[in-house]
Amino acid sequence: PMAVEGIKSFAAIGNVVIKSPDYNVNAERAEYNVKTEVATFTGKEVRVEQDKNLITGTKITIDRAQGRINAEGSPEDKTRVKAVFYTDGDVDSMLKP
């Protein structure tokens, strides 16, 4: 887990691009809670990519502590969640701290 003295959470707004060894994320907004290790990404089309694996939606939450990803679409815009997973990709590594 990320240990930053005194910081409880942080946010980034406007064409957020996160590149990490585990995955890449593109979103309009990103929020991260240091204590819970939950990252929430929102925007018109949030993209989480790992190798060839891809998840898109309007809100994607990555809970690194619990090892879960939750993707949501937008009923107002009729935006659906899309996910493409390849058997040669390691989806579990997206969730590792």
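Which residue's side chain does Glu49 meet in a salt bridge, and at what N to O distance? The partner is Arg47, and the N to O distance in this salt bridge is 3.6 Å. Since the coordinates come from a predicted model, that distance, like the others given below, is best read together with the confidence of the prediction. For the protein chain the mean pLDDT is 86, and 85% of the residues reach a score of at least 70. Among the secondary structure elements, strand β2 has the highest confidence, at 96, while the lowest belongs to strand β6, residues 82-84, with a mean of 92.

The overall fold can be described briefly. The protein chain contains six strands and zero helices, and its elements, read from the N terminus, follow the order β-β-β-β-β-β. Of its 97 residues, 30% count as buried. The accessible surface amounts to about 6600 Å², and carbon and sulfur atoms contribute 50% of that area. When contacts with a sequence separation of 6 or more are considered, 38% of them are between residues 24 or more positions apart.

The pairing of the strands begins with β1, which covers residues 9-19 and pairs with β2 in the antiparallel sense over nine bridges. The connection between β1 and β2 is a hairpin that passes through four residues. Strand β2 also pairs with β3, again antiparallel, and here eight bridges join the two strands. The hairpin of β2 and β3 likewise has four residues between the strands, and within this hairpin Glu37 adopts a positive phi near 60 degrees. Asn26 is a convenient residue from which to follow both pairings: in β2 it stands opposite Val17, and its bridge partner in β3 is Arg47.

Ala11 offers another view of the pairing at the β1 side, as its place is in strand β1. Once neighbours within four places in sequence are set aside, Ala11 is in contact with Arg29, Ala30 and Glu31. A C-alpha to C-alpha distance of 9.0 Å separates Ala11 from Asn33, two residues that lie 22 residues apart in sequence. Two of the residues that Ala11 contacts, Arg29 and Glu31, also interact through their own side chains, which meet in a salt bridge with an N to O distance of 2.7 Å. With a relative accessible area of 30%, Arg29 is partly exposed, because it falls between the limits of 20% for buried and 50% for exposed residues. Glu31, at 38% relative accessibility, is partly exposed as well.

The remaining salt bridges lead back to the opening question. The count comes to three salt bridges, and Glu45, Arg47 and Glu49 are linked in a network of such interactions. Arg47 takes part in the bridge to Glu49 at 3.6 Å, and its side chain also meets that of Glu45, at an N to O distance of 3.2 Å. The members of this network are partly exposed: Arg47 has a relative accessible area of 27%, Glu49 is at 28%, and Glu45 is at 48%. Arg47 thereby appears in two settings, as a member of this network and as the bridge partner of Asn26.

The interior can be approached through the largest nonpolar core, which has 14 residues, and in which Tyr23, Val25, Phe41, Val46, Val48, Ile60 and Ile62 have the most contacts. Strands β2 (24-33), β3 (38-50) and β4 (53-63) each supply at least two residues of this core. Val46 shows how these parts of the chain meet, for beyond the residues up to four places away in sequence it touches Val25, Asn26, Ala27, Phe41, Ile55, Thr56, Gly57, Thr58, Lys59 and Ile60. Among these contacts, Val25, Phe41 and Ile60 are themselves residues with the most contacts inside the core.

Strand β4 also holds Thr61. This residue counts as buried because its relative accessibility of 17% is under the 20% limit. With residues up to four places away in sequence left out, Thr61 touches Val38, Ala39 and Thr40 on the one hand, and Arg68, Ile69 and Asn70 on the other.

Technical notes:
Residues numbered from 1 in each chain as written. Predicted model: local features only at pLDDT ≥ 70, side-chain atom pairs only at ≥ 80, totals over all residues. Heavy atoms only, no water. Core = buried A, V, L, I, M, F, W, Y, C linked by side-chain atoms within 4.5 Å. Buried < 20%, exposed > 50% of the residue type's maximum accessible area, 1.4 Å probe, protein only. Contact = heavy atoms within 4.5 Å. Pairing = 2+ DSSP bridges. pLDDT = per-residue confidence, 0-100. Areas by Shrake-Rupley, 256 points an atom, 1.4 Å probe, with all protein chains shown as cover. Salt bridge = Lys/Arg side-chain N within 4 Å of Asp/Glu carboxyl O.
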